[in-house]
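This report covers one protein chain, with attention to its pocket, its core and its helices. The sequence and the model are shown below.

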Amino acid sequence: MRGTSPTSRGNRSIAVSARDRTISALAAKVAGELSGTSVAEGVETAEQVAWARRLGYHALQGFRIARPMPVSAFADWRRRWAEAERRQLLLEIHDAAPRLR
């Protein structure tokens, strides 16, 4: 099973849209109860990453993680992600988390 949830629509953000927060929380809960994997799709901000992690999503997909790229660029992106970009994202999540409480 692949549980999915929209994390943003247009200019709305899960951080401010009660509807999207509810949908995201329910999708993660259902996937967890069915022993499935939940994927937060459309993640564009550190705040959305923090929210998805807080809900227990297993994976993230979206422009905040990576823009679409050709297969030939993937190995280089993965190396950079492991070295620096992941650390930067974790710092951003730490800074965004207090705003989600």
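In this predicted model, the largest pocket is lined by Val49, Arg53, Tyr57, His58, Ala59, Leu60, Ile65, Trp81, Arg86, Leu89, Leu90 and Ile93. Its volume is about 200 Å³. At least two lining residues come from each of α2, β5 (59-61) and α3. The largest share, five residues, is supplied by α3.

The largest nonpolar core has 13 residues. Those with the most contacts inside this core are Ala40, Val49, Tyr57, Ile65, Trp81, Leu89 and Ile93. Each of α1 (18-33), α2 (46-55) and α3 (71-96) supplies at least two residues of this core, and α3 gives the most, with four residues.

Ile65 belongs both to the pocket lining and to the residues with the most contacts inside the core. Beyond its neighbours within four places in sequence, Ile65 is in contact with Val49, Leu60, Trp77, Trp81, Glu85 and Leu89.

The three helices can be set side by side.

| Helix | Residues | Supply to the largest nonpolar core |
|---|---|---|
| α1 | 18-33 | at least two residues |
| α2 | 46-55 | at least two residues |
| α3 | 71-96 | four residues |

Is α2 enclosed or open? Seven of the 10 residues of α2 are buried, so this helix is largely enclosed by the rest of the structure. The buried residues are Ala46, Glu47, Gln48, Val49, Ala50, Trp51 and Ala52. Just after α2, Gly56 takes a positive phi of about 95 degrees.

For the chain as a whole, there are three helices and five strands, in the order β-β-β-α-β-α-β-α from the N terminus. Of the 101 residues, 34% count as buried. The exposed area of the chain is about 6,500 Å², and carbon and sulfur atoms supply 54% of it. Among contacts between residues at least 6 apart in sequence, 50% join residues at least 24 apart.

Confidence varies along the chain. The mean pLDDT is 76, and 78% of the residues reach 70 or more. Over residues 1-12 the pLDDT is below 50, although this stretch has 40 contacts in the model beyond near neighbours in sequence. Where pLDDT is low, the predicted coordinates should not be read in detail.

Note on methods. Residues are numbered from 1 along each chain as its sequence is written. This is a predicted model: local features need pLDDT of at least 70, side-chain atom pairs count only at pLDDT 80 or more; totals for chains, interfaces and linings use all residues. Side-chain values use heavy atoms; hydrogens and water are left out. pLDDT is the predictor's confidence in each residue, from 0 to 100. Contact means heavy atoms within 4.5 Å. A nonpolar core is a set of buried Ala, Val, Leu, Ile, Met, Phe, Trp, Tyr and Cys residues joined through side-chain atoms within 4.5 Å. Buried means under 20% relative accessible area, exposed over 50%, partly exposed in between (1.4 Å probe, protein chains only). Accessible areas come from the Shrake-Rupley method with a 1.4 Å probe; for residues, only the protein chains shown count as cover. On a 1 Å grid over the protein atoms alone, a cavity is a set of points where a 1.4 Å probe fits but cannot get out, and a pocket is an open set with protein on both sides within 12 Å along at least five of seven lines; lining residues have an atom within 4 Å of a point. Grid points are joined across faces, edges and corners, and a volume is the space filled by probe spheres set on the points.
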